[in-house]
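Thanks for coming. I have one structure to go through today, so please look at the sequence and the model while I talk.

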Amino acid sequence: MAEETKKKRTTLHEFNQKYGDPWIWGIFVALIIISIVENYSASSREIAKHGVYMTIIKHCMFLFAGGFITWFIARREYNKQMFLTVFIPLLAVGTILSLAYVNLFGEVINGAQRAIRIGSITFQPTEMAKLSIVTLLAYFIAKHQKDKGLTNKGFIL
């Protein structure tokens with residue numbers, strides 16, 4: 001009985017290593033489905049302008065791109081030093097540059113200069129700043145973590 005339980009745990013561990021945690025992926029897919037319904041119900045102005053299905057198609061294209069990026073990053077060995085030393089500073093620098101760009105040359109939409117237009121897509125750098133801040137904070141906390149807690153070194157300059 002103990003050997004069978006050990007074998008199941010090993011098989012589940014191998015499955016999680018190869019494909020990721022099925023609970024997290026299930027929640028991810030559920031949130032995607034909920035976002036499609038929420039986006040459709042909240043975009044009545046765009047529906048009147050572009051038609052019934054255009055907002056859903058546009059949202060699904062963004063979800064597909066985001067899902068691909070999520071899958072790509074999930075397949076990487078993100079605990080390696082190379083990933084951390086390249087991705088996190090690149091994200092921070094890209095965020096700072098895009099925030100500076102939108103402040104100087106951003107597109108004015110609804111009376112506010114918050115977006116960058118790339119073709120027919122508008123991009124708000126503040127969304128990237130949210131990801132950058134969370135990632136940098138997690139990196140600093142992990143870098144200064146000890147066996148029995150954290151140090152203040154990463155927060156107090």
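How many residues does α5 have, and how far does α5 reach from its first C-alpha to its last? Helix α5 has 25 residues and reaches 36 Å, which is close to the 36 Å expected at 1.5 Å a residue. Before I go on with that helix, a word on what you are looking at. This is a predicted model, and the values I quote are computed from it.

First, the chain as a whole. Its secondary structure comes to 6 helices and 5 strands. Going along the sequence, the pattern is α-α-α-α-α-β-β-β-α-β-β. There are 157 residues in the chain, and 14% of them count as buried. The chain exposes about 13100 Å², with carbon and sulfur atoms supplying 66% of that area. If you take the contacts between residues at least 6 apart in sequence, 39% of them join residues at least 24 apart.

Back to α5, which covers residues 81-105. Which residues of α5 are buried? They are I88, L91, A92, T95, S98 and V102. The cover over these buried residues includes strand β2, residues 112-118, and helix α6.

That brings me to the packing of α5 against α6. In general, two packed helices are described by the angle between their axes and the distance between the axes. Here, α5 and α6, the latter being residues 125-143, pack at an angle of about 145°, and their axes are 9 Å apart. The crossing of α5 past α6 is left-handed. On the α5 side, the contact is made by Q81, L84, I88, L91, A92, G94, T95, S98, L99 and V102. On the α6 side, the residues are P125, T126, M128, A129, L131, S132, T135, L136 and Y139. Sorted by class, this contact has 12 nonpolar residues, 7 polar residues and no charged ones.

Let me take one residue from each of these two helices. T135 lies in α6. Is T135 buried or exposed? T135 counts as buried because its relative accessibility is 17%, and the cut-off for buried is under 20%. Setting aside neighbours within four places in sequence, T135 is in contact with I88 and L91. Both I88 and L91 are among the buried residues of α5. The residue from α5 is F87. F87 counts as partly exposed, at 28% relative accessibility. F87 and T135 are 48 residues apart in sequence, with their C-alpha atoms 9.8 Å apart in space.

Now to the earlier helices. W25 is in helix α2, residues 22-42. Its relative accessibility is 26%, so W25 counts as partly exposed. What does W25 touch, not counting residues up to four places away in sequence? The list is Y19, G20, T70, W71 and A74. As for W71, the two tryptophans are 46 residues apart in sequence and 9.7 Å apart in space, C-alpha to C-alpha.

Helix α4, residues 54-75, has two residues I want to point out, and C60 is one of them. C60 has a relative accessible area of 31%, so it is partly exposed. C60 and I33 are 27 residues apart along the chain, and their C-alpha atoms are separated by 9.8 Å.

The other is T55, also in α4. Is T55 buried or exposed? T55 is buried, because its relative accessible area is 6%. Leaving aside neighbours within four places in sequence, T55 is in contact with N39, Y40, S43, E46 and I47.

Last, a backbone point. Most residues other than glycine have a negative phi. N110 is not a glycine, yet it has a positive phi of about 55°. Where does N110 lie? N110 is in the loop between β1, residues 107-109, and β2. With a relative accessible area of 72%, N110 is exposed; the cut-off for exposed is over 50%.

To recap the main items: α5 and α6 pack with axes 9 Å apart, their contact has no charged residues, and T135 on the α6 side of it is buried. In α4, T55 is buried, whereas C60 is partly exposed. And N110, in the loop before β2, is the residue to check if you are looking at positive phi. That is what I have for today.

Note on methods. Residues are numbered from 1 along each chain as its sequence is written. This is a predicted model: local features need pLDDT of at least 70, side-chain atom pairs count only at pLDDT 80 or more; totals for chains, interfaces and linings use all residues. Side-chain values use heavy atoms; hydrogens and water are left out. Axes are lines fitted to C-alpha atoms, for helices over the stretch in contact, and angles run from 0 to 180 degrees between N-to-C directions. Helices (H or I, at least four residues) and strands (E, at least two) are DSSP runs, numbered from the N terminus. A crossing is left-handed if the near helix is turned anticlockwise from the far one by less than a right angle, and right-handed if clockwise. Contact means heavy atoms within 4.5 Å. Ala, Val, Leu, Ile, Met, Phe, Trp, Tyr, Cys and Pro count as nonpolar, Asp, Glu, Lys and Arg as charged, and the others, Gly among them, as polar. Buried means under 20% relative accessible area, exposed over 50%, partly exposed in between (1.4 Å probe, protein chains only). The expected span of a helix is 1.5 Å times one less than its number of residues. Accessible areas come from the Shrake-Rupley method with a 1.4 Å probe; for residues, only the protein chains shown count as cover.
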